[in-house]
Amino acid sequence: MSLLFQLGVGKREPLKLIGCEVLAGPDPSICKVKGVMFSGRREFLMKELGERTFYSVISKLSSSVMRIAMHPLAAEWYDFSAIVEYDKAIYENCSEQHPHILYYIGAASAELGLSRVFQKLDAGELYAFLQRLTQFHEQYQRYGYLELERLENGARMHYHDYPCYSPIFCASGHGFLLEAIMRHGGRDASVAETKCHCRGDGVCTYELTWR
Ligand SMILES: [Zn+2]
């Protein structure tokens with residue numbers, strides 16, 4: 001279970017979905033995400049929220065997205081619009097009980113890639129992990145690139161050149177980064193998306209701070 005789901009979001013601000021979305025850019029062939037994102041969601045829903053919740057969510061999906069959600073192939077590429085449709089269904093189904101459900105989805109993805117939990121802050125390992133995210137970005141999304149800016153007691157992650165975007169997807173990215181800090185032993189983990197493609201900024205920038 002992710003630390004974020006286990007410990008809850010505490011006093012964090014309510015999740016806000018602000019801005020507009022573009023589901024397929026001028027070149028739809030690059031607006032694709034890796035199937036492992038779908039497998040992670042399936043596992044999270046089944047394991048943490050129960051089989052009934054999973055089936056209730058997927059019953060809301062179009063037939064093509066339902067097929068992917070039922071039997072995701074981890075190494076396959078799927079349309080960005082499919083993951084957004086899936087996450088909207090999860091949000092509509094679960095946000096009353098779990099207002100930060102989109103953060104938990106992202107946190108579950110981070111958990112998959114980070115089995116080890118650090119008891120004390122290991123900032124060196126955390127920066128190394130964030131750096132690896134920039135190198136492996138293209139293995140998870142066929143579009144955009146990621147840049148890490150190192151700060152004192154923090155970092156900025158800049159996601160550039162997104163032809164497709166949605167506040168729903170950005171919210172799960174927020175949860176992913178929170179979990180990454182927490183698993184590396186960072187206390188008072190905080191993430192703020194200060195710039196966003198959905199708000200017309202031409203970049204999604206997340207400010208990460210920890211102690
Ligand atoms: Zn964004």
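## A hairpin of two strands

Let's start with a pair of strands in this predicted model. Strand β3 covers residues 145–151 and strand β4 covers residues 154–160; the two run antiparallel and are joined by 7 bridges. To see one of those pairings for yourself, find Glu 149: its bridge partner in β4 is Arg 156.

Now look at the turn. The hairpin has 2 residues between its strands, and Asn 153 takes a positive phi there, near 55 degrees.

## A helix on the inside

Next up is helix α6, made of the 13 residues 101–113. From first C-alpha to last, α6 reaches 19 Å, which is close to the 18 Å you'd expect at 1.5 Å a residue.

Is α6 largely enclosed or not? Well, 11 of its 13 residues are buried, so the rest of the structure largely encloses this helix. Among the buried ones are Ile 101, Leu 102, Tyr 103 and Tyr 104, and you'll also find Gly 106 and Glu 111 on that list. What do they pack against? The buried residues of α6 pack against α1 (3–7), α2 (36–49), α5 (80–94) and α8 (167–183).

## A helix with two sides

Helix α3, residues 51–58, has Phe 54, Val 57 and Ile 58 as its buried residues. Look down the axis of α3 and these buried residues fall within an arc of 90 degrees, so they line one face of the helix. Flip to the other side and you meet Arg 52 and Tyr 55, which are exposed.

As for neighbours, the buried residues of α3 pack against α2, α4 (63–70) and α5.

Conventions:
Residues numbered from 1 in each chain as written. Predicted model: local features only at pLDDT ≥ 70, side-chain atom pairs only at ≥ 80, totals over all residues. Pairing = 2+ DSSP bridges. Helix = DSSP H or I, 4+ residues; strand = E, 2+ residues; numbered from the N terminus. Expected span 1.5 Å × (residues − 1). Buried ≥ 20, exposed ≤ 12 C-beta atoms within 10 Å, placed from the backbone. Contact = placed C-beta atoms within 7 Å. Arc of directions from axis to C-beta.
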